[in-house]
Amino acid sequence: MIDFLQNWIYLTGAMALVGIGLYIVLTNTNILRIIVGLNIVDSGTNLFIVTIAWHPKSVMPIYTATNNLVVDGHVVAADPLPQSLVLTAIVIGLGTTALALAIAVKIYQKYGTLDVRKIKEEDK
Amino acid sequence: MSSLLALLLVPVTGSIVAAIIQRYRLAERLVSFSTFVVTLLFLIDIRVGDAFTWSLGFLGKNIEMGLQITPLSIFMLYMTIAFGVLLTFFDLTERSKMKSFLLLLTLAASNWIFMATDFLSFFFAWELMGWASILAIFGGRRTAESRHGALYYAMMSIGGSYSMLIGIFLLSNLTGSFSIQQNVSYLVSIMTVHPWWVLGIVSMFFVAFMVKSGIFPFHTWVPYTYGESPDGFVPYLSSVMSKYGIYGFLIFLPLTLSLRNVPGVLGLPWPNYTLVWFGSITAVVGSVLAFMQDDVKKLFAYSSFSNLGFILAAIALFTPIGLTAGLFHAFNHLLFNGAIFITVVAVISKVGITRMSEMGGLWQKMPLTFLTFFVGIASAAGIPPFAGFGSKWMIFQAMISHGLIFATVLLFFASIASFLYLMRAFHAIFLGQLSHKYDNVKEISAIGKITEVFLIGALIFFGIFPGFILDPINSIVGSFGLKPLPTSGYEYINGFFSSVNMVSIFIVVIVAFIFGFLLFAVSAKHKKVPQEDNYTAGQIPKDWNLTPEMYQFSYDFYEPMDKEIAPFLKIKIDGFFKGFGDSVEYLGSSIKEIFTGNVQIYTYLAIGGLVIFVIAGWIVW
Amino acid sequence: MKTYNFAALLVGVPLLMAFSIPLFGFISKQLAKWITVLTLTFEFLFSLYILLWHVYPFNVIMGNWVPPFGENLYIGSLATILIVVISFVGLMISIYNLWSAKYGDVVHFALLFLMFVGGSIGLISTGDIFNVFIFMEITGISSYALAAYGPERRALGGAFKYLVISSIGSTLYLFGVLLIYTQLGTLNIAEIAARISQTTPGLLTFAGILLVAGLAVEAELFPFNGWVPDTYTGAINPVSATLSGIGSVGGVYVLIRIVMTVFGKNGNFVSTYGNLDLMTLIAILGTATVVIGELSALVQTNIKKMLAYSSMAQMGLVAMAFSIGSRLGAYAGIFQLINHSIAKAMLFLILGVIVSFGGERVEDMKGLWYKSPFLAVTFTIGALSLLGLPLFGGFWSKFALVDASFQRGGWYDFIMAIVLFASVVEAFYYLKVVGYIFTSKPAVSEKIKVEISPAIPIAAFAILIIAIGIFPQIVSGISYSAAHELTDKMSGYVLNVIPTIVGH
Amino acid sequence: MMNDTPEMVKKVFAIFVVGILIVGFFMAFTQMPKANAVNVNNTVSRFYVMKDVDQATEMLDKGTYFNKDMVPLRNDVPYTPITFGKSANLEDGAANVVTSIVVDYRGFDTLGEVTVLFLAASGVMLVLHGQKRKIPKKRTEPSEIMYVGTRIAFAVILLFGIYVFIHGHLTPGGGFPGGAIIASGILGLFLGKQGYSPNKSGLTIFESLSGMAYVVIGIIGLIGEKSFLANFLPTGTIGDLFSAGFIALIYIAIGMKVGSELSAVTNAMIIDTEDD
């Protein structure tokens, strides 16, 4: 039962992060806050990915002298594949954030504002 | 058959050459003319029954495509190509602003349309002809109006061809083939079982044909487009391109033969009856609108589709006499419309304007053109012995033979109205007093004169000896499974009730003409006065508010009649299309508001769309 | 399973050259651009070799781990033709960039452009559903940066909008992938495609919706395409050409691959498990996009925005064609995609030349014929091809599209009627521009001098459009076998990747 | 449209939309496998953990991996037990299974990932090109302790970073964390001295060469082992420092690349936009 709850807690946390992130993106008009919101969504996604890889009884997927990953022909380690995926997802999130911040800096210089409602052009 | 392919390849080659050398105008025109001539030479080699097929690996199947010559197609081919030869010959020296390569592309497409045996190539050629003519019209006056005219035409034309496309695929999915013959015979076989089905599919096609021929209620583009086209292109547009629609109608009209035994209206199957009415209304609308026009190109544009109404009304009967009359009128229309437009082009190229109320008295300067124009409008009005009389006479006979009294009355009315507008043009352009600004106007070049003489000759010749053209028409009628009219010599026209000997009519007319001329010669001589003498005895006081138009006696030529008709003109089909376009534009500008430029709106759209899908997902899972 | 591991260079060489471009940039900025041209020439020739010598279909095994255990590239007929098209368009735009890319950091621009094309090639060839995400991000990040490039500030706004929407889209996609992973325990597209029926229907439906929503951002389908007008308008013209000619191709490809191959049933007409028919979803999205795109384009006065909306609408048309589900429909979609890619890229490139001499309002096209007959004629060719008029490439695809929808019948008759109406609207605004080009005297009769480097790509595109228009066999044969790959997923895709998937 | 909407309505609507989405997610989660986690034995990860892909491939080639209903018989794949420190010449020698997946089994992903980071860094350079770093007039120099401290710490951090990526196949960590650690050391240098700027061209060369090294390693695999990114080195005994074939090489390349890239990004981002 407690095992069951534990994963639900993490899932709820992940979904809460996604929800909060999206809410921020939808309601805040400041570019930096929108970027923060996107970052929170990313975090939620990453938490979700590692959550589905993990089970309360699982061990870390690294062979050491004491850590046995396979017992009776069954793998007891946490699923390593989503963990490698999350590594990728984190890096990608980082890259996106860096680029978004660079664009935000430039936007502030050129438009003089960080309000998304004001970042539009009349047709020339 | 290589000559069949040559009919396509020669114009295409000519078109490419003309496109390359279009910087050198004379060379370009020579190429255009010689291409038409070469095409005509190839055509002489072609006989009814020639065929050529190839297959195209497309859409995952082998589509059999083909070219075939039927009596109708060879008739159409001769008409269009010969007319084109004449036109390009005339064009050699005229300032017509026509892009020859587009004309030649149109020629290739037109040849293909007339020879196509399958809907794939028919549609291909139809669209090719469509956009080539659109671009040709763009190249016309280079004004906002000409853009507008071409766009109007383009919209109607593309709408029509999409309608036809739907028809083609509805049909080919039923039969699994693109072949015109197979599809039509399939339609014949289900005609009596599912008449509404057939009606639906066929009307998809008819929309395209009606647009191209300017049949009511799709006639509204005609004046805009003709009025703004390049001068040299208008004769081709009005004389040749309007016939594509007629050709299209003739593909499907044999369907109605299977309805002959079904009770209809006045012994006519109801589709024929409806089409007759469309034709008649077109004739009337065209004529009435024509005599209100002051712009000479627009006037003859209306005149042109009024005549198309006559032709449609006649062929829609699909009886031997009706078909003969319609095709005969189509031929005559080609000739006299060509004569009229070629002279109009000649006049416009000399005086540089199209408003008739600013012309006048030009017969003194351009006598041969005047004569050609006179013969042209006499034919158009159906005055014997010129071509045009015979066909109109036959059309009325055909209509009355079916007891279509009301439609016939309409056509009579249209015919009388056509007298009015022809009269107006005749007077306004050529008669009356010559304005001083035209003192230096000269008759057209020798080449133009040759063309005009040729047209006069043709109009008289085919007026007196209609049999030369009725013979091929009879074989067309025969090819549709109808019994051709009896023939009795080249000078005879055999109607439903009676027959006419055109030679005797010719003699009567000549005698009457000589008599009239004698009267004219012995009567009092009149004196030439300058234009200003009309109203003001040579003086122009400022406070009289006289405009130059008022010197022209044909300004507001039919003013009283205009006033009578004006209330009816408020009902505008044109307004319907324009209003439709405006509402589409309004819709567009409302929808555009979705994209506000605010990224949060876009996020809302995306997340909102996703949520809607998720809800939809719940509902169905 | 046929393998040809050497083709890994299709992805490897652009990567290697992209990494090395900063080094070349030290020597000369122009050299960096030339490296792009050379690399894309290699890509184009290599893919042409694959196409003409009929090397396809084959797999590229990465790291000697065969699918479904490792990652693979699957280059079937669809991937082959699209890679040929993409690398050709990319090559042409890179030649154009020799002239046009002249602001700021040219070296990094060349690098990002190269990786955008390379990433799109990877996106199209990859056989792993998570790898798709990575390549989506490669193309995504390079396109945000490319879109932000340029002398005008509106580029930044457009790039930021694209970034936000696209980030959300890729997050959704990632969720979808992971949900499928929890069910099947694999990330290989072929294995997922074969075993899709072994999943829980509800979860699968949800995952499908997430995947479609995420991919529709790149595929420019309404309502996920808010970024399109601003980004296309903001970016410099060669970048708009890239986004429209390459980026949208990749986006639509993945969307279709997921919907038709992964979620598709085997057979002629495709539907999905879990009750919700993803093809219907695509049909709705596609039709809505066509209508909204064309109607919005109708009222634009800025020609670049007009092209952007038209681009969106064309993508809707492509999606709608695929959603028909028959082989003919898929064929029409592929053909239309290729035509759109070539023609729209060409229009944007032409616009780039024109804009460098004047404004980009529709009125500024007035009298182009007098200023530069070359640009006027090529613009007309592109516009007429998009309208689907004969003698140009677009005719055949539109024809096939109409054929396919009427063969499918049912609701598609009405959808097609709507789409054809939208096409009339499209014809109106394109012909309006063509009218301006030919019928007006220019306000300033200054001649436009077209340099050699923009002239080459524009002329090549125009010639290609006419060549396809006259000889549709250039594209139609391979497109038709590519359509087979989409509609018959077992023999077309899965068995080519994992031949023993049906064990004994 | 949006600009006139009251804040409150906007918020409520946002909560509504996001709420439905989250509820949708939870409804999907209820259908997930037991305990909401993937059973490793039902995924391909099983072979990665067991280092058993070769045997699974053998079964696949024989046609016994999938049954008739296309269900993979993952638990039927024969298994050779692995003992830490003893098993040698495995198909993949990394003790850290995540690393073996990241670099070896799914190495192509990682190449893409490196590219993404590289592109992001290039994008930042492209967007921020031409920005001059202005040193504000009111200079507040950090203290001497900070200056010396960050420099000393940098050496240690650098060493630690190198340690992390060299031991990537044995312990948690690897190229990305290692590179990030190195970059954080360089960040310290920024804090230590106002106006500090690393050698930009040096960073670029470093970045490019390490990236090229990664691709070249892949191409060596293509030439030597007939497959892109294939391991061409012996895998050694599991648990040794010199094991796991090319993983260490790749991680060195990645570590150097990520370190220099993040430093370059940091350098590019330090722009003084305030008016002073």
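This tour proceeds chain by chain through the structure displayed above.

The model is a predicted one, in which local features need pLDDT of at least 70, side-chain atom pairs count only at pLDDT 80 or more, and totals for chains, interfaces and linings use all residues. Residues are numbered from 1 along each chain as its sequence is written, while chains are lettered from A and ligands numbered from 1 in the order in which they are written.

**Chain D**

Please select chain D, which has nine helices and zero strands; helices (H or I, at least four residues) and strands (E, at least two) are DSSP runs, numbered from the N terminus. In sequence order, its pattern reads α-α-α-α-α-α-α-α-α. Chain D is more spread out than a compact globule, because its radius of gyration is 25 Å, well over the 19 Å that the globule rule gives for 276 residues. That radius is taken over C-alpha atoms, and the globule rule is 2.2 Å times the number of residues to the power 0.38. The C-alpha trace of chain D spans about 75 × 55 × 35 Å along its principal axes.

Next, colour chain D by domain: domain 1 covers 2-76 and domain 2 covers 97-269, with bounds that come from an automatic or database domain assignment. The C-alpha centres of domain 1 and domain 2 of chain D are 31 Å apart.

Of the 276 residues in chain D, 49% are buried. A residue is buried if 20 or more other C-beta atoms lie within 10 Å of its own, exposed if 12 or fewer, and partly exposed in between, with C-beta atoms placed from the backbone.

Now select helix 1 of chain D, whose 23 residues reach 32 Å from first C-alpha to last, close to the 33 Å expected at 1.5 Å a residue. The expected span is 1.5 Å times one less than the number of residues in a helix. Among the buried residues of helix 1 of chain D are Ala14(D), Val17(D), Val18(D) and Leu21(D). An α-helix has 3.6 residues a turn, so residues three or four places apart point the same way.

**Where chain D meets chain C**

Show chains C and D together. The contact takes 62 residues from chain D and 58 residues from chain C; two residues are in contact if their C-beta atoms, placed from the backbone, lie within 7 Å. Elements of chain D that each supply at least two residues to this side include helix 1 (7-29) and helix 8 (200-224). Helix 5 of chain D provides the largest share, 16 residues. By class, the side of chain D that touches chain C has 31 nonpolar, 23 polar and eight charged residues. Ala, Val, Leu, Ile, Met, Phe, Trp, Tyr, Cys and Pro count as nonpolar, Asp, Glu, Lys and Arg as charged, and the others, Gly among them, as polar.

**Chain C and its contact with chain B**

Within chain C, select helix 3 (residues 77-100), whose end C-alpha atoms are 34 Å apart, in agreement with the 34 Å that its 24 residues should span. Helix 3 of chain C is largely enclosed by the rest of the structure, because 24 of its 24 residues are buried.

Add chain B to the view: 58 residues of chain C are in contact with 51 residues of chain B. On the side of chain C that touches chain B, helix 17 of chain C gives the most, with 13 residues. The residues of that side divide into 39 nonpolar, 13 polar and six charged.

**Chain B**

Finally, isolate chain B, which has 23 helices and four strands. Of its 621 residues, 55% count as buried. Domain 1 of chain B is assigned to 263-531 and domain 2 to 573-620. The centres of these two domains of chain B, taken over C-alpha atoms, are separated by 53 Å.
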